[in-house]
Amino acid sequence: MAQYLPLLAMFVLAGVFAGVSFLASGLLAPRRPTAAKEAPYECGIVPDREPPERFPVRFYLVAMIFVIFDIEIIFLYPWAVIFRQLAAFGLWEMLVFAAAVFISFVYLIGNGALDWGPLKRLRPMTATLPDEARSADRTAETTVRRVSVGTREPVG
């Protein structure tokens with residue numbers, strides 16, 4: 001039991017430190033709430049409306065792919081440490097493991113899990129645009145003027 005005493009002391013010290021930190025922060029923190037302090041912070045951009053849609057599942061898929069490859073790297077470290085003791089068996093075992101992960105990666109790429117660009121369209125976009133939108137004399141200024149007429153006063 002005496003061999004676990006340092007471990008127990010470490011857990012007690014960690015608990016005491018966490019408790020004192022929470023207590024000190026609650027007692028010593030200034031309490032001057034304002035609307036700006038209570039608003040959610042989004043990378044410096046002030047939110048003026050709710051997001052129009054939920055986050056796409058693609059964000060979570062990329063996070064899961066990252067975790068899978070992170071775990072593969074974690075398994076490579078101990079294997080590299082005892083590689084000489086495992087001999088040929090360890091080599092084949094790691095080759096099978098790496099092949100399984102690589103095949104799953106190729107499958108994910110084939111299904112477009114890492115495609116972040118615009119969605120592919122079945123027909124070209126120019127076929128659906130009116131003739132004035134495809135005109136050679138169309139400029140950014142005419143587009144801005146055309147768009148701003150419906151929402152604000154004309155530009156210029």
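Helices here are DSSP runs of H or I spanning at least four residues, strands are runs of E spanning at least two, and both are numbered from the N terminus.

**View 1. The whole protein is a predicted model with five helices and zero strands.** Walk along the sequence and you will meet the pattern α-α-α-α-α. Of the 156 residues, 6% count as buried. The accessible surface comes to about 14600 Å², and carbon and sulfur atoms hold 70% of that surface. If you look at contacts in the protein with a separation of 6 or more, 47% of them link residues 24 or more positions apart.

**View 2. Confidence in the prediction varies from helix to helix.** Please keep this view in mind as you look at the others. Mean pLDDT for the protein is 76, with 68% of the residues at 70 or more. Among the elements, helix α1 (residues 5–28) has the highest mean pLDDT, 95. The lowest mean, 54, belongs to helix α5 (residues 140–151).

**View 3. Helix α3 packs against helix α4.** Two packed helices are described by the angle between their axes and the distance between the axes. Here α3 covers residues 57–81 and α4 covers residues 83–110, and they pack at about 170° with their axes 10 Å apart. An angle over 145 degrees counts as roughly antiparallel, so α3 is roughly antiparallel to α4.

**View 4. Side by side, α3 and α4 share a contact made up of 16 nonpolar residues, one polar and one charged.** On the α3 side, the residues taking part are I65, F69, E72, F75, L76, W79, A80 and V81. They meet F83, L86, G90, L91, M94, F97, A98, V101, F105 and L108 of α4.

**View 5. A closer look at E72 in helix α3.** Is E72 buried or exposed? E72 counts as buried because its relative accessibility is 13%, and the cut-off for buried is under 20%. Leaving aside neighbours within four places in sequence, E72 is in contact with F97, A98 and V101. Those three partners also appear on the α4 side of the contact between α3 and α4.

**View 6. E93 sits in helix α4.** This residue is partly exposed, with a relative accessible area of 43%. How far apart are E93 and W79 in sequence and in space? They are 14 residues apart in sequence, and their C-alpha atoms are 9.8 Å apart. W79 is one of the α3 residues that meet α4.

**View 7. A87 in helix α4 is a good place to check the backbone.** Most residues other than glycine have a negative phi. A87 is not a glycine, yet its phi is positive, at about 60°. Its side of the story on exposure is simple: A87 is partly exposed, at a relative accessible area of 45%.

Conventions:
Residues numbered from 1 in each chain as written. Predicted model: local features only at pLDDT ≥ 70, side-chain atom pairs only at ≥ 80, totals over all residues. Heavy atoms only, no water. Axes fitted to C-alpha atoms, helices over the stretch in contact; angles between N-to-C directions. Parallel < 35°, antiparallel > 145°, perpendicular 65-115°, else oblique. Contact = heavy atoms within 4.5 Å. Nonpolar A, V, L, I, M, F, W, Y, C, P; charged D, E, K, R; others polar. pLDDT = per-residue confidence, 0-100. Buried < 20%, exposed > 50% of the residue type's maximum accessible area, 1.4 Å probe, protein only. Areas by Shrake-Rupley, 256 points an atom, 1.4 Å probe, with all protein chains shown as cover.
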